[in-house]
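Colleague: I have a structure open and would like to go through its interior with you. May I start with the packing?

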Amino acid sequence: MKSIYFLGLGALGTKYAANFYEYNPEIVSVIVDEERKNRYEKSRIFVNDKAYDFNYVTKIKDNNYPDYIFLVVKSSHLQQAIEDMKPFVGENTMIVSLMNGISSERVLADHFGWDRVVNAVAYMDAVKVDNRVTFSSIGKIIFGKMDSINHDKLVDLHELMNVAEIPNQLSDDIQKAQWAKYLVNVVGNQLTFLLEFPYGQFRTNQHLEILMDMISNEVLAVGNAHGVAIGQEEVDRMKSTMKIVDEFGKTSMLQDREAKRYSEVDEFAGEIISLGKQYNIPTPYNEFIYNMVKSIEETY
């Protein structure tokens, strides 16, 4: 029996922890500190109004290391998450990063080695308010390897998600898949933060579509210079996706603004600006967004 640990119970982590829990509650655990353990056990966690009593763990018992750790935290929390995760990573533990952006796996590999890190992206429309998560679409996890991971282990993960009825795809070009999701983050997340729009605006707002094209062009130029073959096909797919998700749903960055939490703008616009400078590509729209978001966050 495979064991799956989660580190991070935001909207995304909670949703997929609940999916695995529905398949078999005995295989799912959540890494927490004592304060969170007490809080979660007292208030409980709800997904679409159903309560979930996860197994909360603060340390490894009897050297029973998990087969998989799903890491689902914000980029600003990555370094702390690595320290929290170290005691739980055994010789055969695979780390699946569902974090936004394009850099978390590289940082994880620096600490744990590429043979333990699975590159992955997730699409879904979950919203979390306090201890309650709601969603309309189960979403999809796309994953693959960048380096030396044994392919059979990826097949095992694919089969495990299949039996847990989690839509997934084992990709042979995971870097392109990650940049396709990154495009959604840099364009969609950041615009909804600034404009305070739910997904529904992407269906009909023509001015919003013009803004999407402006920002997309910068992401494509930087991605291509970085060696990733993304183009108009990925832009069109992004636009189609944004139009079919729950119209009242909100991106993670908009949820951050409403809760007065610091966003992942450094991982989104900040990374595009940095790579743009590296490849001598102008990124004025992302520079504008970056400073607008930082200006708003400074008022917190």
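Colleague: Leaving aside its neighbours within four places in sequence, which residues is I141 in contact with?

Modeller: This is a predicted model, so the answer is computed from predicted atoms. Contact here means heavy atoms within 4.5 Å. Without the neighbours within four places in sequence, the partners of I141 are Y16, F70, L98, A120, V121, A122, M161, I166, P167, N168 and Q169.

Colleague: Which helix gives the most to the largest nonpolar core?

Modeller: In soluble globular proteins, nonpolar side chains tend to be buried together. The largest nonpolar core here has 39 residues, and I141 is among those with the most contacts inside it, as are Y16, F70 and L98. Six residues of this core come from the helix that gives the most, α1 (residues 11–23). A second, separate core of 34 residues includes Y182, L220, M238 and F268, but the helix you asked for is α1.

Colleague: Which helices each supply at least two residues of the lining of the largest cavity?

Modeller: The search of the whole structure finds one cavity of 30 Å³ or more, and the volume of the largest cavity is about 40 Å³. Its lining consists of F202, N205, L208, E209, M212, K239, M242 and K243. By type, four are nonpolar, one is polar and three are charged. At least two lining residues each come from α8 (206–225) and α9 (232–244).

Colleague: What radius of gyration does the protein chain have?

Modeller: A compact globule of 300 residues would have a value near 19 Å. The chain agrees with that, at 19 Å.

Note on methods:
Residues are numbered from 1 along each chain as its sequence is written. This is a predicted model: local features need pLDDT of at least 70, side-chain atom pairs count only at pLDDT 80 or more; totals for chains, interfaces and linings use all residues. Side-chain values use heavy atoms; hydrogens and water are left out. On a 1 Å grid over the protein atoms alone, a cavity is a set of points where a 1.4 Å probe fits but cannot get out, and a pocket is an open set with protein on both sides within 12 Å along at least five of seven lines; lining residues have an atom within 4 Å of a point. Grid points are joined across faces, edges and corners, and a volume is the space filled by probe spheres set on the points. Helices (H or I, at least four residues) and strands (E, at least two) are DSSP runs, numbered from the N terminus. Ala, Val, Leu, Ile, Met, Phe, Trp, Tyr, Cys and Pro count as nonpolar, Asp, Glu, Lys and Arg as charged, and the others, Gly among them, as polar. A nonpolar core is a set of buried Ala, Val, Leu, Ile, Met, Phe, Trp, Tyr and Cys residues joined through side-chain atoms within 4.5 Å. Buried means under 20% relative accessible area, exposed over 50%, partly exposed in between (1.4 Å probe, protein chains only). The radius of gyration is taken over C-alpha atoms; the globule rule is 2.2 Å times the number of residues to the power 0.38.
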